[in-house]
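Got the model open in your viewer? Follow along stop by stop, selecting as you go.

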Amino acid sequence: MVLNPVMIDDFLSNYSLNGEILPVIKYPDIILSKKSALVESFDDHLVQHCKNMLFTMYQAPGIGLAAPQVGISKRFFVLDIDFDREEFTNSKGEVEFRYSGFSPQVYINPKILETQGEILYQEGCLSVPGVYEDVKRFEKIVVEYQDLLGQKQQLTAEGLLSICIQHETDHLNGVVFIEKLSSIKRNFYKKKLEKEKKRKVL
Ligand code: CO
């Protein structure tokens, strides 16, 4: 199916919170350590995947989600570093969330072309629940990617956006952020998460 550019633009600029919640694959799982394949067809399936991934990310909540984390071994991810989530109690006394300020972004077949500087930031990952650790990243990057229409785009990103793009691009290369930690910390978390995973199966 050939996509209408207006429809794609509308999807991202008038984003409304709907879609399907996808199960997020947890570390250590083989799919998270696989290198993903290039996206070749820019069709309505891809748009649907992105829509569901954004929905899953907002509900979690997270600021980025890569395709391998929902079991798709393809090179794309979604992110939003701007949205707000406010907790409130509805008339029935239940806790609900109010979302605002959406700025959904989709990166397909990203390539980091240039890097500059260093930044330390406490990262977390939807595939590694409960773990938050400082990771060293490039402060500024130039990234080339394709949009939902397959059109090439280039962007200079700094700070949190740069960190998020690097974290998600790592997922496409089979790298989870705890693998960037010192070997002591990495082994500690690996053992802990493997134990937790086993415990759930029993
Ligand atoms: Co992650």
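Start by selecting N109. Leaving out residues up to four places away in sequence, N109 touches L38, V39, F42, R75, E144, Y145 and Q146 (contact means heavy atoms within 4.5 Å). Before going on, a word on what you're looking at: this is a predicted model, where local features need pLDDT of at least 70, side-chain atom pairs count only at pLDDT 80 or more, and totals for chains, interfaces and linings use all residues. Residues are numbered from 1 along each chain as its sequence is written, and side-chain values use heavy atoms, with hydrogens and water left out.

Stay on N109 and show its side chain. That side chain reaches the backbone nitrogen of V39 at 2.8 Å, a polar contact (a pair of N or O atoms within 3.5 Å; within protein, one must be able to donate a hydrogen and the other to accept it, and residues adjacent in sequence count only if both atoms are side-chain atoms). Is N109 buried or exposed? N109 has a relative accessible area of 10%, so it counts as buried (buried is under 20% relative accessible area, exposed over 50%, partly exposed in between, with a 1.4 Å probe and protein chains only). Turn on the cartoon and you'll find N109 in strand 5, residues 105–116. Helices (H or I, at least four residues) and strands (E, at least two) are DSSP runs, numbered from the N terminus.

Next, select I141, which sits in strand 8, residues 140–146. With a relative accessibility of 0%, I141 is buried. Setting aside neighbours within four places in sequence, the contacts of I141 include I112, E114, T115, L155 and I165. Now draw a C-alpha to C-alpha distance from I141 to H171: they are 30 residues apart in sequence and 17 Å apart in space.

H171 takes you to the metal. Which residues coordinate the cobalt ion? Select C125 (SG), H167 (NE2) and H171 (NE2), which do so at 2.1 to 2.3 Å. Donors are N, O and S atoms within 2.8 Å of the metal (3.2 Å for Na, K and Ca); water is not among the atoms, so sites may look incomplete. Along the chain, the cobalt donors follow the spacing C-x41-H-x3-H. Both H167 and H171 lie in helix 3 (residues 159–172), 4 residues apart, or about one turn of the helix. H167 is buried at 7% relative accessibility, and H171 is buried at 1%.

Now colour strand 6 (residues 119–125) and strand 7 (residues 128–137), which run antiparallel and are joined by 6 bridges. Strands pair if DSSP finds at least two bridges between them. These two make a hairpin with 2 residues between them, and L120 stands opposite K136 of strand 7.

For another hairpin, pick strand 3 (residues 84–89) and strand 4 (residues 95–100), an antiparallel pair with 6 bridges. E87 has F97 in strand 4 as its bridge partner. Five residues separate these strands, and G93 takes a positive phi near 80° in this hairpin.

Finally, zoom out to the whole protein chain. How many helices and strands does it have? There are 4 helices and 9 strands, in the order α-α-β-β-β-β-β-β-β-β-β-α-α. Of the 202 residues, 42% count as buried.
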